[in-house]
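Please open the structure in your viewer and keep the selection tool at hand. The tour below proceeds stop by stop, naming what to select and what is found there.

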Amino acid sequence: MVESRSDPSRWTCRSVLGSFSMSSRETAAGSRDRSMRKYTTRTAPGDVLARVVRFDIAVLALAAASVVACGGATHQKGATQQTKDKPEAAQLADAATPSHVTSWPASWPFAAGTKDSESRRGTIVTDAAIATRIGADVLAGGGNAVDAAVAAAFGLAVAYPTAGNIGGGGFLVARSAGVSYALDFRETAPAAATRDMYLGSDGKATANARDGWLSVGVPGSVAGLWEAWSRLGSKRKTWADLLAPAIALADQGFVVDAAFVKTITRVQGRLAKFPASAALFLPNGAPPPIGSTWRNPDLANVLRRVAAEGARGFYEGQVADTLAHRMKESGGLITADDLKGYRAKWRTPIEFEYRGRRIVGMPPPSSGAVTIELIAHLLSNWDLSALGWHSAEHIHVVAEAMRRAFAARNATLGDPDFVNNPLSELLSPSWAQKQAATMRLDHATPTSELFPHRAPAPPEGTHTTHLAAVDEAGTAVVLTTTVNDWYGSAVTVPGLGFVLNDEMDDFATVPGTPNTFGLVQGEPNAIAPGKRMLSSMSPTIVLDAAGQPAMLLGAAGGSLIITTVFEELSNVVDFAFLPGDAVRAPRFHQQDLPDVLFFERHGLDDGVVQALEAMGHVARYSEHTSDAPAIGRVGDAWQGAAEPRREGSLSLGLGL
């Protein structure tokens, strides 16, 4: 439990993740409940720095690196010896006692201590209230977490088409009956794709890598959802049962709200270029009016075929033939054979330790778990809580670890069916030792100095959506799916009613040049027929000492997904944040290139920003970094944390 001391800004956690009361709340971006601004106090940054700088930096870095070799974060191994030697109760006490947590900036709009939902029987959270309610109904009706996630994902395809989809792809991580699962339903390059298909005469990538029919990878979402249900669904709910709510929603429609209109307005010019998209999303040449009813009968018909025939209803027959025909007449590459040959793949999850927690994540072609593990390896050398949450020293050390992890990610990773990912090398103590020796505690190291020949990785599109679900039996699912940019390629398939992805831009379309997110990636992520593009999607499950799910994490936001997931993890593990506070807390982001430390507007005090700039960081604010709803376990109950930055995000728990 969490007890308030005489000072209401101080907390003592008596479980790994805290304690909460039953409630449910739909959040709206910009809500400004400030009822609990203070969190706790911390050691002053100057006190920590004064102690640190007495040591020779090089000796300190070498000593820190030695810690990794002797047992920091470890890949595919048990807990460190120091942790294993402690009784479990002592481990939990260590993890739960807040030591040096700070107050949030006074101008930060999201208050600490706000609760969304809590339940002992099951919880689900998504980026769209309609989809959350669909999933909650499935849980309440006897379905398990996988059933709920599948139903909610189809609901997102209808109600949140800017990212929810059947025309994109994604990843799923699950934990059921003590076994971890990782499902890859990432899009693939069509058979006719070539390495330099987007190389312009000026040596840069052409715009058709991001817009239009030529930017589309073979969709994987329907195959992935079918595979997840087939293997892990309860079977108390039929496949058709899970699609029925989405079909009804597409047929009958839903009331248009401001959030829906905002997503369309953001890319109105792109959607207007394609007649089917304009007809669906811009009736009378503008987004549908707030308060009107928006329907998508063509999508309802597609979903009926999928409900009746399973994945085959999408990848073969009328739907596949229509898609292939439209592709051919519009200059796209996907054929009926590409669709028929698509397969979702079960892969071995990445598992590693971070401060006594076991982290389960998605392996390549997701770069998420690998990059998070690289960050964790480096930061296991430092007691982050002693630096003070969001002190300049804390942010500096984490950003330097992020920089090095992203450089390794962008230079080496790709589809494991096509490239040999050097995971044993990257995740070894020797890699961490080498990188730690380059980290200075008093100054940022420019990427150009560390990696003089690095080129930026291609930017990933920001429009992804993440959901999490857990049921009474403890089965946990995290699912992240995307069409890449807002409304993907901006193409809606005529007669089918769904938006197609523009995931081909997630390849290194011109290796060594930046993509939509500024990432500069190398040859391992170059285009090849049938290949899956590298992704930052990071569905992640955190296990407790008994191997049971304790946190369900993931995010939307391109390359910022990785850093957001690590920060939420660290907020709880290193600073004893409650799960809801871990989501609401200000975020920052550093990748290798561009060499910029981004932070959310109002997320850092001016003094911290000035201190970071004095250390050599190029600091810039960002209005919106990522969306990262989460679920955390507290004792025998689950707390869902909706994303306050995403209007309409909703967490619901079943009644106690």
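Select Arg231 and Trp346 in this predicted model. Arg231 lies over the face of Trp346, 4.6 Å from the ring centre. A further arrangement of this kind awaits at Arg633, whose charged end sits over the ring of Trp638 at 5.8 Å from its centre.

Turn next to the aromatic rings, of which the structure holds 18 pairs. Select Phe254 and Phe260: this pair is edge-to-face, with 5.3 Å from centre to centre and 85 degrees between the planes. Are these two residues buried or exposed? Phe254 has 8% relative accessibility and counts as buried; Phe260, at 5%, counts as buried too. Now add Phe281, Trp294 and Tyr487 to the selection, and one aromatic cluster containing Phe254 and Phe260 is displayed.

Proceed to Phe314 and Phe498. Their ring centres are 5.6 Å apart and their planes stand at 45 degrees, so this pair is tilted. The pair links distant parts of the chain, 184 residues apart: Phe314 belongs to helix H13 (residues 312–315), whereas Phe498 lies in the loop between strand S14 (476–484) and strand S15 (540–543). Phe314 is buried at 1% relative accessibility, and Phe498 is buried at 4%.

The following stops concern the backbone. Most residues other than glycine have a negative phi, and most peptide bonds are trans. Select Lys235, in the loop between helix H7 (221–232) and helix H8 (239–252). Lys235 is not a glycine, yet its phi is positive, at about 70 degrees. Its relative accessible area of 41% makes Lys235 partly exposed. Move on to Asn284, in the loop between helix H11 (275–281) and strand S9 (293–294). Asn284 also has a positive phi, of about 60 degrees, without being a glycine, and it is exposed, with a relative accessible area of 84%.

For the cis peptide bonds, select Pro364 and Pro365, which are joined by one with omega near 20 degrees. Pro365 is located in the loop between strand S12 (357–361) and helix H16 (368–379). Then select Leu593 and Pro594, where the cis bond has an omega of about -5 degrees. Pro594 lies in the loop between strand S17 (588–590) and strand S18 (597–600).

Finish at S18, which pairs in the parallel sense with strand S19 (residues 619–622) over 4 bridges. Between these strands the chain passes through helix H24 (residues 606–614), forming a right-handed β-α-β crossover. As a last selection, choose Glu600, which stands opposite Ser622 in S19.

Key:
Residues numbered from 1 in each chain as written. Predicted model: local features only at pLDDT ≥ 70, side-chain atom pairs only at ≥ 80, totals over all residues. Heavy atoms only, no water. Helix = DSSP H or I, 4+ residues; strand = E, 2+ residues; numbered from the N terminus. Buried < 20%, exposed > 50% of the residue type's maximum accessible area, 1.4 Å probe, protein only. Pairing = 2+ DSSP bridges. Right-handed = clockwise from strand over helix to strand, strands pointing away. Phe/Tyr/Trp six-rings, centres within 6.5 Å; stacked < 30°, edge-to-face > 60°. Lys NZ or Arg CZ within 6 Å of the ring centre and 35° of its normal.
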